[in-house]
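Got your viewer open and a fresh selection ready? Let's take a walk through this one, stop by stop.

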Amino acid sequence: MKYLLIIIINSVVITLLLGVLMSGFGIAKVFSQVTLVMFWNNLDFGYMLGLPLFTLAAIVRGHRFSLNERLILIFLLFATLCAALTGAAVWQYARMMSYNRVQLWSRVYTDMALTLNAVMLVGLAFLIDMEKRIAIPVQRLAATADSYVRTDAEKLDSQRFIDECGRFADYRMEVGDLARSYIKMVSDLDIYMENLKTVTAEKERMDVELNVAAQIQADMLPAPEPLMAGQDAFEISAMMIPAKEVGGDFYDFFLVDENRLGLVMADVSGKGVPAALFMVIAKTLLKNRAQMGDSPAQVLANVNEQLCEGNEAGLFVTVWLAVFDLKTGRGIAANAGHEHPILRRADSVYELVKYRHSPAVAAMEGIRFREHEFELYPGDSLYVYTDGVTEATDAENRLFGTERVVEALNRNPDAAPKEALLAVKSGIDRFIGDAPQFDDITMLCLHYRGAREEEDR
């Protein structure tokens, strides 16, 4: 539009100068048919030659044409085509009228010029209206949106964006629809951002609480050192690696009395907070009943009845519970749906010990639990674990399995309990690789030295 204005002014100035010059020589008046033709000639050649050159230069520079620029080029092409068709039609008509060569080309040129300028004038009027109602609003909406998306999230001014778009919200057709859509989009985005901030704050609060819960749960699990202080009859080590912040697995070891040691390895069904809460209750009940002097079967039966009361969530817990005499090495164990223990005799290798299980604790009321006697000799080692160890899964959905557990332990069967657990954990890590951990990994290892070593001291 600026270029067209320039060539119009240029044509007027040149025409006036030539008119004054011809008037001075007495050829024609300043304002006459001759000067009018000269004005149109300058104007026509200005945009017929100038606009294509500008377009070519823009293409060479890689310029991206805006909507109104494309409309101008389309109308220029349309006007040129109309002028060419008019010239062809007039040329055919003039030949039939037997015009001479000068009359023929004068008529063709005049009609082409009139057609070209008429179409361009109509096109310019249309372009001005389109630019006012579509091109300029679309460009401003695009610039507003571009400025909005390039602004840092912390500096976004949604109200300013809505005010800018609101200037075009009353427009008809697509421009108004676009402006109203932008306004709704940003309004919804503000609501979403506020909700996201609320959810993020809530999640951060929950993360803090879960971290505290995880620390509380870790603190509930016993440390070997206080128990082994002043004891030479055994060495014990345990570890639990929850799949989530808190887990349902737990272990426990405690002195029932001066000579008897209690061992617990358990796994609550489910994961996360519900399993962790159930774990706290189950662990407390098991330890309390065992320290009251009940046998393992009696402990499980009593705890089973208490856990079944009000168990609306339908959770249950598999438990391996044993109590054995530190002086004699004789003990009693009960297995409520838990994994089989792995035993190593002195100067031998670890082997899986299989026997019949009882149902899981809290599965149903009135269960009677089996128990069996066992005996540990000086130099023996006992390894118990949850199914998170054997069911550790790699990227190909293969399970670690009991055989790999035994194999990991037997790489160094004489290793101390802590080193034995680390060997199994290392084997699991190598096996699963980058696959995620789906279940809690919990295990305990006991090495029995026997009362003889204590007497020898």
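Start by selecting A322: its bridge partner in β5 is A333. Keep in mind as you click around that this is a predicted model. Now grow the selection to both strands, and you'll see β4 and β5 (residues 330-336) pairing in the antiparallel sense over six bridges. The hairpin they make has four residues between the strands, and G329 there takes a positive phi near 80 degrees.

What sits on another side of the pairing story for β4? Add β3 (residues 260-268), which pairs with β4 in the antiparallel sense over nine bridges. For a landmark, pick D267, which stands opposite T318 in β4.

Is β4 mostly buried or exposed? Eight of its nine residues are buried, so the strand is largely enclosed by the rest of the structure.

**Next stop: the rings**

Stay in β4 and show the side chain of F324, which counts as buried at 1% relative accessibility. Bring up Y448 as well: F324 and Y448 form an edge-to-face aromatic pair, 5.8 Å centre to centre with 85 degrees between the planes. That pair links distant parts of the chain, with F324 in β4 and Y448 in β10 (residues 441-448), 124 residues apart. Both F324 and Y448 are buried.

Now light up F374 too. F324, F374 and Y448 form one aromatic cluster. The count for this model comes to five aromatic pairs. The F324 and F374 pair is tilted, at 6.3 Å centre to centre and 50 degrees between the planes. F324 lies in β4 (residues 317-325) and F374 in β8 (residues 372-375), so this pair ties together parts that are 50 residues apart in sequence.

**Then: the five-stranded sheet**

Y448 has already put you on β10, so follow that strand into its sheet. Five strands form an open sheet in the order β1-β10-β9-β6-β7, with antiparallel pairing. Look to the edges for β1 (234-241) and β7 (350-352), each of which pairs on one side only. From one strand to the next, the twist averages 15 degrees.

Show helix α12 (residues 417-432) next: it packs on the sheet and touches β1, β7, β9 and β10. The direction of α12 makes about 30 degrees with that of β1.

Zoom in on β6 (residues 342-344) and β9 (residues 381-385), which pair in the antiparallel sense over three bridges. Select I342 and you'll find it standing opposite Y383 in β9.

**A side trip: N304**

Jump over to helix α9 (residues 296-308), where N304 is found. With 0% relative accessibility, N304 counts as buried. What does N304 touch, leaving out residues up to four places away in sequence? The contacts are A360, V361, A362, A363, M364, E365, G366, I367 and F369.

**Last: zoom all the way out**

Colour the chain by secondary structure and you get 13 helices and ten strands. The radius of gyration is 46 Å, well over the 23 Å that the globule rule gives for 457 residues, so the chain is more spread out than a compact globule. Turn on a bounding box along the principal axes: the C-alpha atoms fill roughly 145 × 45 × 40 Å.

Of the 457 residues, 42% count as buried. Among contacts with a separation of 6 or more, residues 24 or more positions apart account for 70%. Finish with a surface view: the accessible surface comes to about 26300 Å², and 59% of that belongs to carbon and sulfur atoms.

Terms used. Residues numbered from 1 in each chain as written. Heavy atoms only, no water. Phe/Tyr/Trp six-rings, centres within 6.5 Å; stacked < 30°, edge-to-face > 60°. Helix = DSSP H or I, 4+ residues; strand = E, 2+ residues; numbered from the N terminus. Buried < 20%, exposed > 50% of the residue type's maximum accessible area, 1.4 Å probe, protein only. Pairing = 2+ DSSP bridges. Axes fitted to C-alpha atoms, helices over the stretch in contact; angles between N-to-C directions. Contact = heavy atoms within 4.5 Å. Rg over C-alpha atoms; globule rule 2.2 N^0.38 Å. Areas by Shrake-Rupley, 256 points an atom, 1.4 Å probe, with all protein chains shown as cover.
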